[in-house]
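Please open the model in your viewer and keep the sequence panel beside it. The tour below moves from one selection to the next and says what is found at each stop.

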Amino acid sequence: MRYMPYDCVVLIKQVPDTKAVTSRAMNDDGTVNRAVLPAIFNPEDLNALELALWIRQNHSGTVTVITMGLPRACDVLRESLYRGADRAILITDRRAAASDTLATSYILSCAVKKLESYDLVLCGRQAIDGDTAQVGPQTAEKLGIPQLTYVEELLELNDGRITVRRGIGSGWEKVQAELPVLLTVMDSANTPRPAGARRIMKYKKARSPSELKKEDNAEEKTAALRKKGLLIEEWNLDDIKADLTWCGRNGSPTKVNRIQSVILTAGGHKKIEPTDNGLHELVHELIEDHTIG
């Protein structure tokens with residue numbers, strides 16, 4: 001078996017913590033009010049990052065992480081550097097605002113193409129703020145490369161060919177593809193490694209140009225961070241040569257038709273005795289109500 005280096009690109013996303021959803025979580029136009037929700041690293045994107053780091057660890061190569069969003073999305077880029085990523089890139093541009101999955105995948109594909117050299121593109125199966133699982137497959141389509149979705153385990157990576165086990169709901173299947181390829185990774189694929197203490201100390205001051213803009217002596221600080229290798233790369237839509245008709249609201253055919261708030265209220269309660277008789281009566285009542293059975 002001949003081992004060779006592989007260049008991995010990991011597409012990550014900063015998402016609102018859906019466990020902290022309140023009545024103020026949605027705007028009137030149907031978009032998420034991200035300002036009122038804590039922001040976290042999309043969970044399955046961490047599994048994708050871990051798989052990329054494992055590939056570099058066992059085959060050598062590089063790991064580049066890319067995210068699209070506001071400058072505060074640099075938090076997940078720094079987190080990626082803490083865990084072992086070699087390079088971090090922020091795509092930020094107001095013209096990309098309100099992008100749906102179609103526009104987002106187009107923008108991400110333009111960014112990946114700008115890198116020129118890549119063997120594997122990895123991302124989480126889906127993001128918890130949309131649960132569509134569309135961005136990964138759509139990005140693969142726009143890149144013109146194979147896609148292996150719902151990856152649970154990497155079985156073999158050798159001589160430009162990859163073999164994975166992918167989940168199919170009621171079971172699994174073994175799939176092969178030629179590189180380059182895009183993988184969407186499930187949370188069952190691995191356990192993401194923690195941030196490294198030394199890397200935290202090294203990259204805790206890493207910033208993007210947009211983060212530095214409001215600070216005093218921004219230009220001097222930017223130059224100093226670039227010299228130390230701590231300046232997070234930042235691209236706009238012009239940098240990645242994106243066609244603006246496919247970006248942002250104009251490039252997003254998805255429209256929110258209606259938002260409905262569902263409020264569950266308790267209509268009463270019934271005490272069940274912790275005896276065989278009590279449990280029997282409970283099961284009988286649930287069957288009669290067609291709750292079960």
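How many helices and strands make up the secondary structure of the protein chain? There are 8 helices and 11 strands, where helices (H or I, at least four residues) and strands (E, at least two) are DSSP runs numbered from the N terminus. This is a predicted model, in which local features need pLDDT of at least 70 and side-chain atom pairs count only at pLDDT 80 or more, while totals for chains, interfaces and linings use all residues. Residues are numbered from 1 along each chain as its sequence is written, and side-chain values use heavy atoms, with hydrogens and water left out.

Begin with the whole chain. Of its 293 residues, 42% are buried; buried means under 20% relative accessible area, exposed means over 50%, and partly exposed is in between, with a 1.4 Å probe and protein chains only. Among contacts (heavy atoms within 4.5 Å) with a separation of 6 or more, 70% are between residues 24 or more positions apart.

**The sheet**

Next, select the strands. An open sheet is formed by 9 strands in the order 9-8-7-10-6-1-4-5-11, and the pairing is mixed; two strands pair if DSSP finds at least two bridges between them. Strand 9 (172-178) and strand 11 are the edge strands, each of which pairs on one side only. On average, neighbouring strands of this sheet are turned by 30 degrees against each other, direction ignored; the axes behind such angles are lines fitted to C-alpha atoms, for helices over the stretch in contact, and angles run from 0 to 180 degrees between N-to-C directions.

At the edge formed by strand 11, look at strand 5 (residues 87-91), which pairs with strand 11 in the parallel sense over 3 bridges. Here I91 has W235 in strand 11 as its bridge partner. Helix 3 packs on the sheet and touches strand 1 (6-11), strand 4 (61-68), strand 5, strand 6 (120-124) and strand 11, with its direction at about 145 degrees to that of strand 4. Helix 4 (residues 135-143) also packs on the sheet. The strands touched by helix 4 are strand 1, strand 6, strand 7 (147-158) and strand 10 (181-185), and its direction makes about 180 degrees with that of strand 10.

At the edge formed by strand 9, strand 8 (residues 161-167) and strand 9 run antiparallel and are joined by 7 bridges. These two strands form a hairpin with 4 residues between them, and G169 in the turn has a positive phi of about 85 degrees. R165 stands opposite K174 in strand 9, and the charged end of R165 sits over the ring of W172, 5.8 Å from its centre. A charge sits over a ring if NZ of Lys or CZ of Arg is within 6 Å of the ring centre and within 35 degrees of the ring normal. The charged end of K114 likewise sits over the ring of W235, 5.1 Å from its centre.

**The cores**

Now show the side chains of V10, L120, L122, L148, I162 and L183, which touch the most other members of the largest nonpolar core, a group of 44 residues. Such a core is a set of buried Ala, Val, Leu, Ile, Met, Phe, Trp, Tyr and Cys residues joined through side-chain atoms within 4.5 Å. Its largest share, 7 residues, comes from helix 1 (residues 43-59). Apart from this core lies another, of 25 residues, among them I66, I145, I240 and A242.

**The aromatic pair**

Which rings should be selected for the 1 aromatic pair that the structure holds? They are those of Y106 and W246, whose centres are 6.4 Å apart and whose planes are at 45 degrees, so the pair is tilted. Rings of Phe, Tyr and Trp (its six-membered ring) pair if their centres lie within 6.5 Å, with planes under 30 degrees apart counted as stacked, over 60 as edge-to-face and the rest as tilted. Y106 is in helix 3 (residues 101-115), and W246, 140 residues apart from it, is in the loop between strand 11 (233-235) and helix 8 (276-288). Y106 is buried at 15% relative accessibility, whereas W246, at 45%, is partly exposed.

**Backbone stops**

Finally, go to the loop between strand 9 and strand 10, where P180 lies; the peptide bond from L179 to P180 is cis, with omega near 0 degrees.
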